[in-house]
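Hi everyone, thanks for coming. Let me put today's protein on the screen, and then I'll walk you through it.

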Amino acid sequence: MFHFVRWLGFIVLLAVITACSSAVELRETQVVDGLSITLDTPNRPRMNTAVDFIVLLNDAQGNPVNDANVYLDLDMPAMPMGVTRPVALPDGPGRYWARTAYTMEGLWEITVVVERATTTYRATFRRDVLK
């Protein structure tokens, strides 16, 4: 019985480690005309699987930006098939959230589009999607 409990504990630990490793985030930041645009996504996204996109916005003084309209343009440059355009919803101070799925494996470009008053900011990030 003791060996079974130890073995079961090992399996649970292995499952936790595996789950945590697949949830590793890839964070990149670009500054566009004084606006800091950060994109958090899974490091190794898979096609046809829901993906959360977190956008963090800060002004030139480092303050969270809460008054923006944010959406994402997802496109695959090697095989243009139309743009996926999820809207990112406010999700806390300077934080915006969207969810969508990549439909093919390969290199994708994610352009974060931020609209504030009369100004539009764009930052483009690249992600490799696995099958």
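Before we look around, one term: a residue is buried under 20% relative accessible area, exposed over 50%, and partly exposed in between, with a 1.4 Å probe and protein chains only as cover. Please keep in mind that this is a predicted model, where local features need pLDDT of at least 70, side-chain atom pairs count only at pLDDT 80 or more, and totals for chains, interfaces and linings use all residues. Residues are numbered from 1 along each chain as its sequence is written, and side-chain values use heavy atoms, with hydrogens and water left out.

Let's start with the overall layout. The protein has one helix and eight strands, and along the sequence the pattern reads α-β-β-β-β-β-β-β-β. Helices here are DSSP runs of H or I with at least four residues, strands are runs of E with at least two, and both are numbered from the N terminus. Of the 131 residues, 32% count as buried.

How are the strands ordered in the sheet? They form an open sheet of eight, in the order β1-β2-β3-β6-β5-β4-β7-β8, with antiparallel pairing. Two strands count as paired if DSSP finds at least two bridges between them. β1 (25-32) and β8 (119-129) stand at the edges with a single partner strand each, so one side of each has no neighbour in the sheet.

Now come with me to β4, residues 69-75. Five of its seven residues are buried, so to speak of it as mostly covered is fair. On one hand, β4 is joined to β7 (residues 106-116) by seven bridges, running antiparallel; Asp73 has Thr111 as its bridge partner there. On the other hand, two bridges link β4 to β5 (residues 87-90), again antiparallel, and Tyr71 is partnered by Val87.

Another pair worth a look is β2 (residues 35-42) with β3 (residues 50-58): five bridges join these antiparallel strands, and Leu39 stands opposite Val55 in β3.

Last, two loop residues. Most residues other than glycine have a negative phi. Asp33, in the loop between β1 and β2, has a positive phi of about 50° although it is not a glycine. Is Asp33 buried or exposed? Asp33 is exposed, at a relative accessible area of 71%. Ala117, in the loop between β7 and β8, also has a positive phi of about 50° without being a glycine, and it counts as exposed at 88% relative accessibility.
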